[in-house]
Amino acid sequence: MRDLQSLGLRSSDAGLYVLDQSLLPHTENWIEIRHPEDMILAVKSLQVRGAPLIGVAAALALAHYIKSGTTSSQYREAAMALRGSRPTAVNLMYAID
């Protein structure tokens, strides 16, 4: 597992997990991101915060998604949906593009 934990991310071949920042500092809860829709929900519900982290987490979610055997059209659709999850997060746009 790559050590991205200090950023609030855990990524391995087995999956992607994000630290639920809405529960900090009292509770540490890791959310499994199985699909880009999971990341969209995490971003919209402020479980993932901060433009740099949102960008990195979204890019990792797409990387895991493409490894699952998705088609290029499914990938593009997921990327556009992720872009729409936080339209003001410039780092998200850069990471997706």
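What follows is a short talk on the fold, the core and a few individual residues of this structure.

Good morning, everyone. Before anything else, please keep in mind that this is a predicted model, and that I will be describing what can be computed from its atoms.

Let me begin with the overall architecture. The protein chain contains four helices and three strands, and if you walk along the sequence you meet them in the pattern β-β-β-α-α-α-α. The radius of gyration is 12 Å, close to the 13 Å that the globule rule gives for 97 residues, so the chain is as compact as a globular protein of that length. Measured out along its principal axes, the C-alpha trace spans about 40 × 30 × 20 Å.

How much of the chain is buried? Of the 97 residues, 41% count as buried, while the surface that the chain exposes comes to about 5,700 Å², with carbon and sulfur atoms supplying 54% of it. If we take the contacts with a separation of 6 or more, residues 24 or more positions apart account for 45% of them.

Now let us turn to the inside. The largest nonpolar core has 25 residues, and those with the most contacts inside it are V18, I33, M39, V48, L82, L92 and I96. Which elements build this core? At least two residues come from each of β2, β3, α1, α2, α3 and α4, and the largest share, eight residues, is supplied by α2. As an example of how one member is surrounded, consider L82, which, leaving aside residues up to four places away in sequence, touches P36, M39, I40, A58, L62, L92 and I96.

Two polar residues deserve a careful look as well. Q21 is placed in the loop between β2, residues 15–19, and β3, residues 30–33. Is Q21 buried or exposed? Its relative accessible area is 17%, and because buried means under 20%, Q21 counts as buried. Not counting residues up to four places away in sequence, Q21 touches L46, Q47, V48, R49 and L53. The second residue is H64, which sits in helix α2. Its relative accessibility is 18%, so H64 also counts as buried, and, with residues up to four places away in sequence again left out, H64 touches S11, S12, G15 and L16.

Next come two details of the backbone. As a general background, most residues other than glycine have a negative phi, and most peptide bonds are trans. With that in mind, look at the peptide bond from L24 to P25, which is cis, with omega near 5°; P25 is placed in the loop between β2 and β3. Then look at L46, which is not a glycine and yet has a positive phi of about 65°. L46 lies in the loop between α1 and α2, it counts as partly exposed at 40% relative accessibility, and it is one of the residues that Q21 touches.

Finally, a word about the aromatic rings. How many aromatic pairs does a search of the whole structure find? The search finds zero. There is, however, a charge placed over a ring, for the charged end of R10 sits over the ring of W30, 3.9 Å from its centre.

Thank you for listening, and I am happy to take questions.

Methods:
Residues numbered from 1 in each chain as written. Predicted model: local features only at pLDDT ≥ 70, side-chain atom pairs only at ≥ 80, totals over all residues. Heavy atoms only, no water. Phe/Tyr/Trp six-rings, centres within 6.5 Å; stacked < 30°, edge-to-face > 60°. Lys NZ or Arg CZ within 6 Å of the ring centre and 35° of its normal. Buried < 20%, exposed > 50% of the residue type's maximum accessible area, 1.4 Å probe, protein only. Contact = heavy atoms within 4.5 Å. Rg over C-alpha atoms; globule rule 2.2 N^0.38 Å. Areas by Shrake-Rupley, 256 points an atom, 1.4 Å probe, with all protein chains shown as cover. Core = buried A, V, L, I, M, F, W, Y, C linked by side-chain atoms within 4.5 Å.
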